[in-house]
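Let's take a look at this one together, starting with a pocket and working outwards to the fold.

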Amino acid sequence: MPDEVVEVRTTVAARDDADRLAQGLVAARLAACVHVAGPVTSHYHWKGTLERAEEWQCHVKTTRARWPDVARFLREHHPYELPEIVMLPLAGSEEYLDWVRDEVAGRGDQESRGQDRTT
């Protein structure tokens, strides 16, 4: 279903990078909102070495139809050689899911619905 609401996740090493990605995605209407959380600690193998890194998580709210564009944006703007770019389906209140759909479709207008804050 193309207008199914999904969450795309990625991590970056710096808060500034997370904020830059978030602002770019929302400004381009690829995402209704992006939650930035962190720092978190990641453990992984990279090029034969066990690594431990402090990272910031980006939780991108968008639709399945926009998923390819979000993934492309992240690949083009992400500072990592091999970024985490994963997509998960979301369930939630219909009002919130409709807001996400409206925002990425360019139909968002919070004032007309009397909402102060949605994310």
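## The pocket and its surroundings

In this predicted model, strand 2, which covers residues 33–46, contributes the most to the lining of the largest pocket, giving five residues. The full lining consists of Thr11, Ser42, His43, Tyr44, His45, Trp46, Glu55, Tyr80, Leu82 and Glu84. By residue type, that lining splits into four nonpolar, four polar and two charged. As for how much space there is, the pocket's volume comes to about 230 Å³.

Here are the two surface features side by side:

| Feature | Value | Residues |
|---|---|---|
| Largest pocket | volume of about 230 Å³ | Tyr44, Trp46 and Leu82 among them |
| Nonpolar surface patch | about 300 Å² | Tyr44, Trp46 and Leu82 |

So what makes up the nonpolar surface patch of about 300 Å²? Tyr44, Trp46 and Leu82 make it, and those names also turn up in the pocket lining.

Trp46 deserves a second glance. It sits in strand 2, and is tryptophan 46 buried or exposed? Neither, quite: its relative accessibility is 32%, so tryptophan 46 counts as partly exposed. The cut-offs here are under 20% for buried and over 50% for exposed, with partly exposed in between.

Zooming out, the protein chain has three helices and four strands. Read from the N terminus, the elements go β-α-β-β-α-β-α. The chain has 119 residues, and 36% of them are buried.

Terms used:
Residues numbered from 1 in each chain as written. Predicted model: local features only at pLDDT ≥ 70, side-chain atom pairs only at ≥ 80, totals over all residues. Heavy atoms only, no water. 1 Å grid on protein atoms, 1.4 Å probe; cavity = no way out; pocket = protein on both sides within 12 Å on 5 of 7 lines; lining within 4 Å. Points joined across faces, edges and corners; volume = space filled by probe spheres on them. Helix = DSSP H or I, 4+ residues; strand = E, 2+ residues; numbered from the N terminus. Nonpolar A, V, L, I, M, F, W, Y, C, P; charged D, E, K, R; others polar. Patch = residues over 30% accessible without salt bridge, like charges linked within 9 Å, V, L, I, M, F, W, Y side chains within 5 Å. Areas by Shrake-Rupley, 256 points an atom, 1.4 Å probe, with all protein chains shown as cover. Salt bridge = Lys/Arg side-chain N within 4 Å of Asp/Glu carboxyl O. Buried < 20%, exposed > 50% of the residue type's maximum accessible area, 1.4 Å probe, protein only.
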